[in-house]
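Reader: Please take a close look at the place where the ligand sits. I would like to know what surrounds it.

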Amino acid sequence: MSVLSIQDLNVYYGSIHALKGVSLEVNEGEIVTLIGANGAGKSTLLKTVSGLLKPKQGTISYAGSPIQGKPAQSIVKMGVSQVPEGRRVFAEMSVEENIELGAFLRKDKAEISKDFKKVYDIFPRLYERRKQSAGTLSGGEQQMLAMGRAIMARPKLLLLDEPSMGLAPLMVKTIFETVKDINEAGTTILLVEQNAHLALSIADRGYVIETGRVILSGSAAELQSSDEVKDAYLGGH
Ligand SMILES: Nc1ncnc2c1ncn2[C@@H]1O[C@H](COP(=O)(O)OP(=O)(O)OP(=O)(O)O)[C@@H](O)[C@H]1O
Ligand SMILES: [Mg+2]
């Protein structure tokens, strides 16, 4: 079953045509990755799905209903959460307060505290540092925090924008293993990455985007063995 179905999406920033007729599907239970270079339109796509940008043309269906142009808050309520590029934690607030923000649309107190426990189980480091202000965390810890906050919204669909960016290899490994765990626990994932090698290692399927257009798509295995992907995104290996 299709969780997210995007057809002919066109998004502009003023006169800049950032997405030029993008179509893609994410099925229930999948990890789908969107690979592309700087400026390809990856973040634009995620922001349009999450309601931060309005498309000029095209449709976005989530769980069978059109969501394009809806306010971001109602899209979160429907079960879509986004971990934005660059993490964006609230530096002055504590780790705990940052996590709590992810549940701001929920009223089910008992369930919220269960999810708190879940986040701390996934990321023990956040539990150790729960009283510390978020600005004092390392880059990798801030990435964990941004993911923890997203988990608190109980997403059915999680949108991740370059979770590996700026992290040491060991931390990247931890983050990607966690992405896989979150998926195995039942969350469908759309993962934007410049690190194609890593993204394809955990994804079921992928799309390659170049200057606002999807130029290639297929199973992770197909993309890993494609010459075009190897040359442009896998360092020729
Ligand atoms: N707020 C904005 N105003 C004008 N142009 C923008 C804006 N945001 C993005 N763009 C342009 O839209 C295009 C797509 O940008 P986008 O941020 O989606 O790329 P990206 O694939 O996420 O790149 P990166 O890997 O560097 O994050 C780029 O040409 C970018 O310069
Ligand atoms: Mg981006």
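Author: What follows describes the surroundings of ligand 1 and then the pockets. This is a predicted model, in which local features need pLDDT of at least 70 and side-chain atom pairs count only at pLDDT 80 or more, while totals for chains, interfaces and linings use all residues. Residues are numbered from 1 along each chain as its sequence is written, chains are lettered from A and ligands numbered from 1 in the order in which they are written, and side-chain values use heavy atoms, with hydrogens and water left out.

Around ligand 1 there are 14 residues, and those that come nearest are Asn-38, Gly-39, Lys-42, Thr-44 and Glu-85. A residue counts as near if one of its heavy atoms lies within 4 Å of the molecule. By class, this shell holds five nonpolar, six polar and three charged residues. Here Ala, Val, Leu, Ile, Met, Phe, Trp, Tyr, Cys and Pro count as nonpolar, Asp, Glu, Lys and Arg as charged, and the others, Gly among them, as polar.

Oxygen atoms of ligand 1 take part in polar contacts, each a pair of N or O atoms within 3.5 Å. In Ser-43, a side-chain N or O atom is 2.8 Å from an oxygen atom of the ligand. For Gly-41 the partner is a backbone N or O atom, at 2.9 Å from a ligand oxygen. Gln-194 has a polar side-chain atom 3.0 Å from an oxygen atom of ligand 1. Taken alone, ligand 1 exposes 630 Å², and the protein buries 64% of that; the areas come from the Shrake-Rupley method with a 1.4 Å probe.

Strand E2 (16–27) and helix H1 (42–49) are the elements that give two or more residues to the shell. H1 provides the largest share, three residues. Helices (H or I, at least four residues) and strands (E, at least two) are DSSP runs, numbered from the N terminus.

Ligand 1 takes the space of the second largest pocket. A pocket is found on a 1 Å grid over the protein atoms alone, as an open set of points where a 1.4 Å probe fits, with protein on both sides within 12 Å along at least five of seven lines; lining residues have an atom within 4 Å of a point. A molecule sits in a pocket if more than half of its atoms lie within 2 Å of its grid points.

The second largest pocket holds about 320 Å³ of space, a volume being the space filled by probe spheres set on the points. Of its 23 lining residues, Gly-39, Gly-41, Lys-42, Ser-43 and Thr-44 are closest to its centre.

Definitions and conventions:
A polar contact is a pair of N or O atoms within 3.5 Å; within protein, one must be able to donate a hydrogen and the other to accept it, and residues adjacent in sequence count only if both atoms are side-chain atoms.
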